[in-house]
Structures are given as structure tokens and as C-alpha cells.
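I opened a fresh page for this structure and noted down what I looked up, entry by entry.

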Amino acid sequence: MIQQIYPTPYHGFKYELNKDMQVAAAHYIDHPQAGKCQHIHGHTYFINLTIGGDHLDELGFLVDFKALKQTVHDRFDHTLINEDERFSSNPPSTEKMAETIYELVETKLQKLDNRPTCLQVFVRETPTSYVTFRPKRQSYE
Ligand SMILES: [Zn+2]
């Protein structure tokens with residue numbers, strides 16, 4: 001099920017890398033309008049990261065796949081997402097998950113000398129629901 005068609009972000013980079021991962025985690029939306037989502041429940045999130053760049057590192061990598069997995073999977077897998085510091089004042093909706101994952105990944109990428117950038121984060125929360133987050137940018141030149 002991890003193979004699926006993802007929306008494709010426009011960019012002008014020479015290299016595009018995609019990393020899929022699954023995260024089993026619990027959350028709840030602490031708001032009366034959230035209905036049954038106010039109760040703690042779990043999802044198997046399917047996450048896809050799209051990374052772009054024009055330069056590779058000395059290993060020939062745009063970014064190490066393992067580093068991406070560590071940044072996202074290792075942080076959230078088998079956790080209660082609400083307890084993560086990034087969600088102390090944010091509801092862990094699919095939208096905020098996608099945005100937060102973008103911020104974590106982009107922060108990591110900005111430390112790399114070859115300057116890759118995160119173009120898109122896709123988060124599927126259920127078989128019928130997903131969110132795509134893309135940072136607003138003027139251009140990728
Ligand atoms: Zn949920």
C-alpha cells in the first residue's frame with residue numbers, strides 16, 4: 001500500500017528524491033467540534049517527502065534516506081502525537097502534521113552543504129483522507 005501516486009510539485013531542480021514511510025501513532029483533537037476525534041485513537045500514517053536540489057554530497061546523495069526517516073519516523077512512530085513539543089499549542093490535525101513535518105525536515109536540510117530543500121510533504125491519515133503541504137515560494141531558481 002505504500003506504493004501510490006502522489007501529487008507532483010513543480011520545480012526546476014536537477015534532482016528530486018522521494019522518501020516514503022509509515023508511522024503508527026495516536027492523537028486526539030482537543031476541541032468540542034472535533035466529535036469522536038476528541039478521543040485518543042490511532043492511525044497508520046503514510047508519509048511521502050519530496051526533496052529537490054541541484055547538488056549532491058560527496059557520497060552522491062541529495063540527502064541520505066536514513067536521515068529523513070530518523071527526522072520523521074523516529075520522532076513520531078508509536079507516540080501520542082499530542083505529547084510532542086511541536087503540538088503543545090497546535091492541534092495534531094493532518095494539516096498541522098504535514099506542516100510540522102515540513103519544518104522539521106527543512107530545518108535538517110538547511111544544515112547540509114549541498115542545500116537540498118523540501119518541496120512537498122504528503123500525509124495520508126486514512127485510506128480516504130490525505131493532505132499535501134507545500135511551502136509558499138516565489139521561485140525555485
Ligand atoms: Zn485521527
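The entries below cover the metal site, two helices and the cysteines.

**Entry 1, the model.** I am working from a predicted model, and I keep that in mind for every value below.

**Entry 2, the zinc site.** Which protein atoms are the donors of the zinc ion? I found the NE2 atoms of His27, His41 and His43, lying 2.0 Å from the zinc ion. Read along the chain, these donors follow the spacing H-x13-H-x1-H. Because His27 belongs to strand S1 and His41 to strand S2, the pair ties together parts that are 14 residues apart in sequence. I also looked up how accessible these two histidines are: His27 counts as buried because its relative accessibility is 2%, whereas His41, with a relative accessible area of 22%, is partly exposed, the cut-off for buried being under 20%. Since water is not among the atoms, I note that the site may look incomplete.

**Entry 3, helix H1.** Helix H1 runs over residues 65–76, and its 12 residues reach 17 Å from the first C-alpha to the last, which is close to the 16 Å expected at 1.5 Å a residue. What caps the N-terminal end of H1? I traced the cap to Asp64, a side-chain oxygen of which lies 3.0 Å from the backbone nitrogen of Lys66. After H1 comes His78, for which I noted a positive phi, near 55°. On the buried side of the ledger for H1 I listed Ala67, Leu68, Thr71, Val72, His73 and Phe76. These buried residues pack against strand S1 (15–27), strand S2 (41–53) and helix H2 (94–109), and S1 and S2 are the strands in which I had already placed His27 and His41.

**Entry 4, helix H2.** For H2 I recorded 16 residues and a reach of 22 Å between its first and last C-alpha, close to the 22 Å expected at 1.5 Å a residue. Its buried residues include Thr94, Met97, Ala98, Ile101, Tyr102 and Val105, and Glu106 and Leu109 are also among them. Which elements do the buried residues of H2 pack against? I found S2, H1, strand S3 (117–126) and strand S4 (129–133).

**Entry 5, the cysteines.** How many disulfides does the structure hold? My search returned zero disulfides. I then looked up the accessibility of two cysteines: Cys37 counts as partly exposed because its relative accessibility is 33%, while Cys118 is buried, its relative accessible area being 0%.

Definitions and conventions. Residues numbered from 1 in each chain as written. Predicted model: local features only at pLDDT ≥ 70, side-chain atom pairs only at ≥ 80, totals over all residues. Heavy atoms only, no water. Disulfide = S-S within 2.5 Å. Buried < 20%, exposed > 50% of the residue type's maximum accessible area, 1.4 Å probe, protein only. Helix = DSSP H or I, 4+ residues; strand = E, 2+ residues; numbered from the N terminus. Expected span 1.5 Å × (residues − 1). Contact = heavy atoms within 4.5 Å. Polar contact = N/O pair within 3.5 Å; in protein donor to acceptor, adjacent residues only side chain to side chain. Donors = N, O, S within 2.8 Å, 3.2 Å for Na, K, Ca; no water.
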